[in-house]
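Me: I am new to this structure and would like a close look at one part, the open sheet in chain B. Please describe how its strands are arranged, and then set it against the rest of the model.

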Protein chains: 2
Amino acid sequence: MSFRAKIQGVGGNESYTARAQALKDRLDSQIPPSLHLEQTYLDNLPLDVTGVPASCGLLTPAELAITELDATSICEKIAKGELTAVNTVTAFGKRAAIAHQVTACLTDFFLDEGLQRARELDEYYRREGKVVGPLHGLPISIKDHIPIKGRWGSGGFIVNTKPSADDCDMTRILRSLGAVFYVKTNQPQTIMHLESHSCYGRTLNPHNTNLSPGGSSGGESALVAMKGSCMGVGTDGGGSIRCPSAHCGLYGIRPTCYTLPTGDYISYQIGQDGYATSTGPMCNSARDVQLFLEALFGAKPSLVDPSLIPMQPTIPDLSQKKLRVGVMMHDGVVMPHPPMLRALELAKAKLEVAPNIEVIDYVPYKHEEGYNIVRAMYFEDGGKTVRRLLEEGGEDVHPLSEWVISPPHVRHHDAVDVWRLHDRRDTFRRAYSDHWRQQGCDVLLCPPFHGTASRHDTAKYWGYTAIWNILDYPGIVFPSGLKADPSVDVLRAVGSPMSESDEYNRSLYDPEAFIGAPISLQVIARRFDDGLVLAAQEVIERIIKS
Amino acid sequence: MSFRAKIQGVGGNESYTARAQALKDRLDSQIPPSLHLEQTYLDNLPLDVTGVPASCGLLTPAELAITELDATSICEKIAKGELTAVNTVTAFGKRAAIAHQVTACLTDFFLDEGLQRARELDEYYRREGKVVGPLHGLPISIKDHIPIKGRWGSGGFIVNTKPSADDCDMTRILRSLGAVFYVKTNQPQTIMHLESHSCYGRTLNPHNTNLSPGGSSGGESALVAMKGSCMGVGTDGGGSIRCPSAHCGLYGIRPTCYTLPTGDYISYQIGQDGYATSTGPMCNSARDVQLFLEALFGAKPSLVDPSLIPMQPTIPDLSQKKLRVGVMMHDGVVMPHPPMLRALELAKAKLEVAPNIEVIDYVPYKHEEGYNIVRAMYFEDGGKTVRRLLEEGGEDVHPLSEWVISPPHVRHHDAVDVWRLHDRRDTFRRAYSDHWRQQGCDVLLCPPFHGTASRHDTAKYWGYTAIWNILDYPGIVFPSGLKADPSVDVLRAVGSPMSESDEYNRSLYDPEAFIGAPISLQVIARRFDDGLVLAAQEVIERIIKS
């Protein structure tokens with residue numbers, strides 16, 4: 001398959017095709033010719049394109065060095081005067097342009113605007129001798145459906161793709177803290193796939209372009225993995241921060257809902273109360289996750305958005321405490337693929353001999369039922385709105401869209417049906433909470449997905465992330481340090497499938513297919529225990545990588 | 001009208017009538033003959049029956065003295081060994097029996113069970129020399145739809161009236177803190193009136209039995225005003241704690257939702273997410289409100305109920321701070337009756353000359369729109385469930401039930417309609433929050449109702465309480481110390497009505513009708529500012545009563 005075919009966007013009728021082409025032309029034209037990679041270069045890319053920025057010759061050594069830093073380092077260096085906002089934004093902007101050409105990760109590129117803001121920030125710093133806020137000069141990439149004033153954004157369909165009239169709370173706050181915007185990133189049709197294929201194109205996984213970077217914040221994960229950004233903002237209603245972060249070897253957190261602002265994020269089911277979408281950072285270090293959260297909570301977003309709970313996670317000191325870590329090898333529904341099992345087994349073995357850790361064999365509680373409830377809540381109108389928006393835009397129904405809005409999980413609800421469904425949700429939450437207490441663990445270590453990054457158009461089991469969405473338990477993913485390796489990740493002898501989903505996902509495994517894909521793990525804690533999630537992840541990662 | 005006719009319950013068909021009679025017979029038989037008031041006594045009661053317990057001769061001076069104490073005093077005395085649980089429960093039990101006979105406030109009377117528990121607590125205290133918890137030996141009355149194991153409870157209809165299989169979280173926690181249960185209290189058909197008329201009877205306002213004690217926690221307000229209880233637990237989804245507390249001259253708080261447990265409260269619309277019902281105490285002193293909240297939050301209910309936010313209100317020290325108090329004389333929809341205006345004007349005048357207080361003339365923001373949205377959310381199924389439950393029980397549709405489930409406010413919604421309605425709610429909340437900030441007040445002093453207690457079957461404007469339910473702003477009501485007085489509360493010259501509701505409520509005013517009714521006020525703060533509400537109410541009450 002040619003590279004051009006690989007990144008081909010979702011199709012549609014004539015009017016759709018013209019509109020999609022105009023969007024792609026606009027995006028292509030935003031990337032300056034000086035940053036273009038040649039077509040022959042693109043046609044001869046290796047599967048792993050993470051080395052392209054260093055080898056393509058378009059970045060200076062200084063720019064490469066800047067873009068290898070994490071956000072915490074960048075903010076520190078800018079605050080000390082060792083780095084300017086202009087140099088930082090230039091470096092990440094150029095690298096983002098390169099990243100986009102090899103992964104189709106962007107939907108809007110506006111480096112000029114970013115540089116304008118960077119100059120203002122540098123000027124402020126020179127004049128005042130201090131930073132405007134904790135994110136002064138930090139370039140931050142933003143998922144397409146999160147509005148930035150004047151920039152393109154969409155709610156997952158071509159019909160709601162347009163420039164945004166205003167910043168949303170999140171981007172307004174980030175701006176006030178000193179962040180610089182320069183790109184927006186791709187997401188899938190409907191924003192409800194764990195992949196990222198839209199009218200703009202199909203985003204590829206930089207570690208293996210035959211694989212998906214995950215979704216729905218897959219533009220972010222591909223871009224951050226390419227280091228075209230060191231801090232991205234995503235959203236997660238079923239795994240959309242954690243899945244793509246995991247697939248690309250990043251750190252990504254889904255905070256407890258209604259703690260960070262999502263007001264005015266573009267949505268086509270606004271007002272639905274069945275499940276909530278959380279928002280959070282995707283980045284290359286755990287400390288960057290903390291940097292983002294501390295900066296955001298410090299801005300007291302609940303004073304502006306009355307839907308928010310005025311809570312700031314406090315990070316407990318675990319150094320003097322025995323941490324009880326539940327380990328869940330599988331969820332009773334889908335058996336993880338061999339690479340994931342290998343990483344989990346290794347992690348468990350290391351945790352078992354670590355001081356101050358008590359490992360508990362975690363027994364999952366009715367994950368299939370929980371997943372089924374949340375799937376029903378995703379489209380309480382039976383998918384009617386999705387079909388209408390696709391039809392209005394002349395947009396083809398993506399196979400994953402068709403799957404996600406189809407019966408039996410999805411059906412039309414009237415008010416009483418909605419109440420019954422939400423009652424099932426609340427009953428499940430209560431039972432799960434009782435179960436969690438009985439298990440006696442502080443946090444849970446578990447897979448963020450049944451495998452590494454999936455092959456395109458196959459991600460049909462969200463249970464490893466979505467179960468925590470229905471429960472609203474905060475969760476962070478992080479790289480285990482391992483990658484899928486066909487020489488060791490051979491098929492294991494297994495019995496009969498645990499479920500239909502298990503049978504389907506088992507059929508997808510082929511040791512060769514996933515080569516080079518990062519293997520990531522997930523740490524979960526109870527609702528509102530976001531601080532514990534952060535503290536425990538740090539302890540667990542240190543042990544696993546020791 | 002004979003006394004018997006005054007307290008007559010809701011009617012229905014033959015099967016309903018038999019069932020209702022059985023419920024009333026059961027309740028009557030629970031009250032020991034030694035505590036019966038004679039029929040001639042009942043037929044010659046004054047309008048104000050608050051003096052009955054002292055004058056009827058059924059209580060000893062010691063019992064009268066105990067029941068005049070507030071909950072804080074009782075807990076202190078029991079903890080010091082100056083009072084026993086048995087004596088306390090006996091006194092309140094006897095007084096509750098008397099209260100019921102003159103106000104029809106109860107639905108279940110089980111003093112024996114309460115005394116059994118009281119004996120256990122006294123025994124524990126003697127043995128261990130300490131209390132089991134902060135509410136050791138305190139008799140607490142419980143609204144009918146809040147389950148107590150083995151006791152009668154209902155969801156507002158005869159068809160769901162039955163003994164409860166188990167305690168709910170609230171009663172389980174209260175029990176663990178040392179509380180003693182002995183009565184349950186009346187609520188209206190549907191639990192959605194600001195009055196309290198059910199199959200058990202019509203609850204009367206002890207200060208003027210021609211008036212309603214308010215609702216839906218009107219059994220509680222009548223009982224606590226009669227001092228047949230010093231601490232009641234109610235619920236508030238539209239004013240159901242604050243309205244009855246106000247009408248009976250009590251202290252009652254509606255805390256921010258999802259801070260105190262309502263799990264397993266009997267409901268016929270379980271799973272609806274449009275608005276939430278809060279729960280809280282109704283009592284005779286502000287410090288008793290704090291006692292209840294501190295005890296409950298101290299039990300960390302969020303560890304058991306995953307829907308709860310693990311927050312404990314902190315009460316700010318206002319002594320060194322200028323408190324900005326908004327004063328709202330009317331909500332732009334319904335002009336308060338003369339007694340309420342008199343109390344507000346007096347309060348405002350005193351606040352204006354108080355040191356450390358800045359009075360702000362608060363401009364209401366679209367209260368009619370907010371009230372209309374919350375009314376639509378009360379019955380998103382168009383009232384279908386209510387009609388079904390009434391029909392299944394052969395229960396007459398109460399005129400206030402018919403009103404509350406009727407168009408245009410109430411109509412059938414499918415899932416998409418529900419989303420749109422909730423979006424209207426969220427948009428309103430955001431706009432109101434912006435408006436509140438612009439007004440620049442810390443707290444708001446406003447009417448809890450357009451007047452004092454209403455005449456039976458007339459309470460059709462909930463705007464003064466329900467507006468804070470849609471916003472989820474915590475609010476406390478407290479007695480101004482004034483009572484309706486026909487000699488001063490004469491009709492004022494007014495212009496044309498502000499709304500249909502205004503015209504209706506204006507037509508209800510007659511200076512003679514409301515004689516003796518307490519005039520109460522309400523203090524409101526932003527969502528989650530429950531601690532500020534408590535602190536500010538104390539300051540404001542002190543100034544107003546100085």
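Reply: The sheet comes next, followed by chain A and the contact between the chains.

This is a predicted model, in which local features need pLDDT of at least 70, side-chain atom pairs count only at pLDDT 80 or more, and totals for chains, interfaces and linings use all residues. Residues are numbered from 1 along each chain as its sequence is written, and chains are lettered from A in the order in which they are written.

In chain B, eleven strands (DSSP runs of E, at least two residues, numbered from the N terminus) make up an open sheet with mixed pairing, in the order β1-β5-β2-β8-β10-β9-β14-β15-β13-β11-β12. Two strands pair if DSSP finds at least two bridges between them. At the edges lie β1 (106-109) and β12 (357-361) of chain B, each pairing on one side only. Within the sheet, β9 (residues 251-254) and β10 (residues 278-283) of chain B are antiparallel partners over two bridges. There, Y251(B) is opposite C283(B) in β10(B).

Chain A has 20 helices (DSSP runs of H or I, at least four residues) and 15 strands. The C-alpha trace of chain A spans about 60 × 55 × 55 Å along its principal axes.

Between the chains, 29 residues of chain A are in contact (C-beta atoms, placed from the backbone, within 7 Å) with 29 residues of chain B. Helix α17 (residues 415-439) of chain A supplies the largest share of chain A's side, twelve residues.

How values were computed. Two residues are in contact if their C-beta atoms, placed from the backbone, lie within 7 Å.
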